[in-house]
Amino acid sequence: MPKYCQKCGKELPQSTRGKYCQNCQRRSDGKLKSVLTTAASAALLAGGTVISIALRGKKL
Ligand SMILES: [Zn+2]
């Protein structure tokens, strides 16, 4: 039975693992990576703000 990409409906070769074609897999990977990067930088920013506030609080 042929498999089809669950995102774009393209027929997948038998060797393909997972539900998506390589194209969609790559795209979702990129999205995941950018989400992780955004979350990480937001966490760093928040952490830096908390630390600077804490340091400022100590100085005062
Ligand atoms: Zn696809």
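Start by selecting lysine 10, which sits in the loop between strand S1 (3-4) and strand S2 (11-12). Strands are DSSP runs of E with at least two residues, helices are runs of H or I with at least four, and both are numbered from the N terminus.

You are looking at a predicted model: local features need pLDDT of at least 70, side-chain atom pairs count only at pLDDT 80 or more, and totals for chains, interfaces and linings use all residues. Residues are numbered from 1 along each chain as its sequence is written.

Stay on lysine 10: is this residue buried or exposed? It counts as partly exposed, because it has 14 C-beta neighbours inside 10 Å. (Buried means 20 or more other C-beta atoms within 10 Å of a residue's own, exposed means 12 or fewer, and partly exposed is in between, with C-beta atoms placed from the backbone.)

Now add Tyr4, Cys5 and Cys21, which lysine 10 touches once residues up to four places away in sequence are left out. Touching means that the C-beta atoms, placed from the backbone, lie within 7 Å. Then pick asparagine 23: its C-alpha is 9.9 Å from that of lysine 10, and the two are 13 residues apart in sequence.

Next, select helix H1, residues 22-59. None of its 38 residues is buried (the number is 0), so H1 lies largely in the open. Its end C-alpha atoms are 54 Å apart, which agrees with the 56 Å expected at 1.5 Å a residue; that expected span is 1.5 Å times one less than the number of residues.

Finally, zoom out to the whole chain. From the N terminus on, its elements run β-β-α. The C-alpha atoms fill a box of roughly 70 × 15 × 10 Å along the principal axes.

Key: Contact = placed C-beta atoms within 7 Å. pLDDT = per-residue confidence, 0-100.
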